[in-house]
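Student: Could you walk me through reading strand pairing and overall fold from a model like the one below?

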Amino acid sequence: MARTYRVAVVGRTGKGEYGHGLDVVWKALDNVEIVAVADEDDKGRAAAAARLGARSAYADYRDMLDKERPQIVSVADRWLDQHRDVVVACARAGANVLLEKPMARTLVEADDMTTACETHHVKLAIAHQTRYSPRLKRVRELIDAGRLGDLLELRGRGKEDSRGGGEDLMVLGTHVFDLMRFLAGDARWCFARVLQKGKPATKADVSEGGEGMGPVLGDQIMALYGFDGGVRGTFDTEKAKDGAGRRFGLTVYGSKGLVQLTTGSLPAACFLDDPSWFPGKSKAEWQDITSAGLVKPEPLKDDGLASGNVWIAKDLIDAIEQDRQPLGGMYDGRAALEMILAAYESHRFDRPVDLPLENRKHPLAVW
């Protein structure tokens with residue numbers, strides 16, 4: 001008989017809520033039972049229990065872990081200030097975790113979370129949805145088949161809305177950096193410049209970011225990363241005067257062509273078979289990439305975040321049963337965070353920095 005998993009959900013009404021559907025995803029799976037929810041807010045806790053059909057509800061997630069002994073916990077709140085504490089408590093209780101991104105505020109916290117999961121032999125999956133997309137799999141197939149030629153550059157941008165700059169780097173940059181690593185491997189170095197009102201940002205410009213993310217800096221960030229084989233990656237973000245949100249994503253440049261990719265469970269993706277990267281001159285046409293392949297009808301229904309969350313949840317269960325890391329696991333979440341913080345580390349030293357970073361504290365807190 002198939003195993004049924006005891007699942008619990010941790011949310012924080014008014015402080016990150018329940019993320020991007022990481023609470024309700026379990027209702028779509030047959031082999032789980034939602035046994036409890038934890039939320040310090042009375043009304044939010046009652047609403048979540050009713051929404052999820054949870055038998056029990058707790059104000060303190062530690063009481064929930066002690067009494068319910070769940071095998072899987074969705075740590076769903078978008079605020080980062082308690083990610084470390086909740087994940088470590090889950091690991092010590094023997095519970096595997098599905099975690100809202102970004103992973104944590106600092107590498108110290110991410111290291112603590114990773115060590116706790118390793119010590120107690122539990123899995124941690126990060127909600128980087130695009131990693132699980134069948135369209136991204138097709139992009140990898142194009143690269144592996146040589147359709148792009150040699151990989152040369154990856155160019156990413158944030159949403160560049162009101163969060164443009166430091167908050168964008170943290171909240172949306174994590175998706176772009178995760179995609180870069182999926183396609184090009186680990187970054188080896190970073191060289192970045194952070195500006196505030198057109199001038200190099202200083203320690204006096206450091207402010208507290210939203211969503212409990214800790215210190216942030218700058219309204220314009222330009223970061224360059226080096227990968228193996230001479231591949232270069234860039235990430236840029238600023239408070240856009242025009243087109244906010246419309247450039248968010250990643251462009252992958254090869255010696256024979258390029259791919260443009262956004263984020264999500266079924267992200268917009270297209271291929272240009274043109275080594276000049278100049279369709280206006282070559283007259284090459286963009287070709288859509290679907291989950292079925294290049295220039296093929298999309299057989300899957302686009303239901304926003306729902307499908308991606310289900311793919312992540314199912315992969316986490318499969319990872320538990322096969323004793324492997326999830327497709328987007330704790331090491332991936334930590335590496336994306338490392339690329340984020342490397343931009344600040346490089347700026348404060350005004351030089352390139354090697355990755356992994358020697359400094360595990362937040363660069364803006366030790367400046």
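Student: Which residue in S12 does Arg193 stand opposite?

Tutor: Two strands count as paired if DSSP finds at least two bridges between them. Here Arg193 stands opposite Met222 in S12. The strands involved are S8 (residues 187–196) and S12 (residues 220–227), antiparallel over eight bridges. Strands are DSSP runs of E, at least two residues, and helices are runs of H or I, at least four, numbered from the N terminus.

Student: How far can I trust that?

Tutor: This is a predicted model, where local features need pLDDT of at least 70 and side-chain atom pairs pLDDT 80 or more, while totals for chains, interfaces and linings use all residues. Residues are numbered from 1 along each chain as its sequence is written, and side-chain values use heavy atoms, leaving out hydrogens and water.

Student: What does S12 pair with besides S8, and how many bridges are there?

Tutor: In a regular strand, side chains alternate between the two faces of the sheet. S12 also pairs with S13 (residues 232–238), antiparallel over seven bridges, and Leu224 stands opposite Thr234 in S13. Four residues sit between the strands of this hairpin, and Gly229 takes a positive phi near 75° there.

Student: And the whole chain?

Tutor: Count elements, then check burial. The protein chain has 10 helices and 19 strands. Of its 367 residues, 54% are buried, meaning under 20% relative accessible area with a 1.4 Å probe, protein chains only.

Student: What about long-range contacts?

Tutor: A contact means heavy atoms within 4.5 Å. Among contacts between residues at least 6 apart in sequence, 70% join residues at least 24 apart.

Notes
Buried means under 20% relative accessible area, exposed over 50%, partly exposed in between (1.4 Å probe, protein chains only).
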